[in-house]
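Please open the structure in your viewer and keep the selection tool at hand. We will walk through it stop by stop.

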Amino acid sequence: MTQIAVLTPDPADLSFAGQWPGVLERLAAALAGAGITARPTPWTDHAIDAAGLADVPLVLPVIAWGYHRDHDRWLQACRTWEAAGVRMLNPPAVLAWNSDKSYLGRLADRGVAVPETIWADGVSQADVDAAFDRLGTDTLIVKPRVSGGAWKTLRLSRGDRLADAPEGSAMIQPYLPSIESEGETSLLFFGGALSHVVNKRPVQGDFRIQTQFGGRYVALPEPPAGALELAERTLAAIDEDLLYARIDMAQGPDGGWRLMEAELIEPDFYLGAAPEGGARFAAAVKARL
């Protein structure tokens with residue numbers, strides 16, 4: 001059995017303590033089927049010194065959940081891993097830039113359809129009030145540029161008072177009602193090839209599709225019309241050496257797809273909903289060893 005390392009959350013961050021072990025178990029089982037042993041290790045143990053990762057042929061950061069709560073240390077870790085030549089996939093440089101959602105603006109400049117976005121160094125009530133008219137909507141989403149799992153994400157309607165606003169760099173977007181009616185759709189790619197498709201829907205009245213908020217995940221037999229085209233356009237615009245990518249999208253008011261996230265760091269692959277994807281991921285990993 002070939003042993004590789006899988007980066008896991010900071011042990012001091014208990015936010016996902018009830019979730020990530022199950023994700024690791026599914027990944028480890030899939031990798032074992034390909035003759036690969038997954039050795040879990042907290043990413044925070046290697047932020048300053050990468051020596052503990054020097055003895056493995058490959059490091060997967062796929063469960064480094066919670067990095068957004070300690071972003072400065074995350075960026076330091078990415079620099080450490082890159083300088084030490086750690087064989088990590090996806091690469092440390094990608095892990096750094098993908099941790100700040102301003103990359104969506106760069107992808108938009110390269111022709112990828114994303115929701116119209118206002119980028120702000122800080123969000124005030126005046127910013128929110130002006131955004132309704134500027135974006136032509138009655139409902140807004142406000143969230144930090146560095147975030148994950150709907151952390152500090154707000155949905156505001158006209159007349160709402162801004163409370164618990166994200167601190168620092170943030171983004172304001174029009175809320176897409178299709179999130180509630182049609183859900184968000186994720187296309188999973190391993191080794192550059194489409195593996196599986198999952199639709200995620202929030203509970204009634206909510207907009208957050210994550211399982212911790214009651215979100216429901218269902219595997220789809222194939223991508224909805226137009227979804228694969230947006231995903232492939234996104235990957236072409238990124239143009240990086242990626243082992244894995246999760247491309248999240250939702251439909252805009254015109255019915256066209258909009259890129260919500262390109263998750264290249266620690267995406268849940270939704271193997272609980274699409275277990276067949278595990279073998280495909282393991283095959284992609286084995287091909288890189």
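What follows is a tour of two sheets, some ring pairs and the nonpolar cores.

This is a predicted model, in which local features need pLDDT of at least 70 and side-chain atom pairs count only at pLDDT 80 or more, while totals for chains, interfaces and linings use all residues. Residues are numbered from 1 along each chain as its sequence is written, and side-chain values use heavy atoms, with hydrogens and water left out.

**Stop 1: the four-stranded sheet**

Start by selecting β4, β5, β6 and β7. The names come from DSSP runs numbered from the N terminus: helices are H or I with at least four residues, strands are E with at least two. Two strands are said to pair if DSSP finds at least two bridges between them. Here the four strands make an open, antiparallel sheet in the order β4-β7-β5-β6. At its edges are β4 (118-120) and β6 (154-157); each has a single partner strand, so one side of each has no neighbour in the sheet. Neighbouring strands are turned by 25° against each other on average, direction ignored. Axes are lines fitted to C-alpha atoms, for helices over the stretch in contact, and angles run from 0 to 180 degrees between N-to-C directions.

Now pick out β5 (residues 139-144) and β7 (residues 170-174), an antiparallel pair joined by five bridges. Show Lys143 and you will find Met171 of β7 opposite. Next, add helix α5 (residues 125-135), which lies across β4, β5, β6 and β7 and runs at about 125° to β5.

Stay in β7 and select Ile172. Is Ile172 buried or exposed? Ile172 is buried, with a relative accessible area of 1%; buried means under 20%, exposed over 50% and partly exposed in between, using a 1.4 Å probe and protein chains only. Contact means heavy atoms within 4.5 Å. Not counting residues up to four places away in sequence, Ile172 touches residues including Ile118, Asp127, Ala131, Leu135 and Leu140.

For a side trip, show Arg155 and Tyr175: the charged end of Arg155 sits over the ring of Tyr175, 5.1 Å from its centre. The rule here asks for NZ of Lys or CZ of Arg within 6 Å of the ring centre and within 35 degrees of the ring normal.

**Stop 2: the five-stranded sheet**

Select β8 to β12 next. They form an open sheet with antiparallel pairing, in the order β10-β9-β8-β11-β12. The edge strands, β10 (216-220) and β12, each pair on one side only. The twist from one strand to the next averages 25°.

Work outward from β8. With β9 (residues 193-201), β8 pairs over seven bridges, and Leu187 stands opposite Val197 there. The two strands form a hairpin with two residues between them, and Gly191 in the turn has a positive phi of about 60°. On to β10: five bridges join β9 to β10, where Lys200 faces Tyr217. Back at β8, six bridges link β8 with β11, and Phe189 stands opposite Ala245.

Before leaving β8 (residues 184-190), select Glu184. Glu184 is buried, with a relative accessible area of 9%. Leaving aside neighbours within four places in sequence, the contacts of Glu184 include Lys200, Asp248 and Met260.

**Stop 3: rings**

Show the aromatic side chains. Rings of Phe, Tyr and Trp (its six-membered ring) pair if their centres lie within 6.5 Å; planes under 30 degrees apart count as stacked, over 60 as edge-to-face and the rest as tilted. There are ten aromatic pairs by this rule. Zoom in on Tyr244 and Phe269: their centres are 5.7 Å apart and their planes at 65°, so this pair is edge-to-face. Both Tyr244, at 1% relative accessible area, and Phe269, at 3%, are buried.

Then select Trp43, Tyr67, Trp74 and Trp81, which form one aromatic cluster. The charged end of Arg73 sits over the ring of Trp43, 5.7 Å from its centre.

**Stop 4: the cores**

A nonpolar core is a set of buried Ala, Val, Leu, Ile, Met, Phe, Trp, Tyr and Cys residues joined through side-chain atoms within 4.5 Å. Which members of the largest core touch the most others? Of its 47 residues, these are Leu60, Trp74, Trp81, Phe269, Phe281 and Val285. Elements supplying at least two residues each include β1 (2-8), α2 (71-84) and β8. Finish with a second, separate core of 24 residues, including Tyr103, Val112, Val197 and Ala237.
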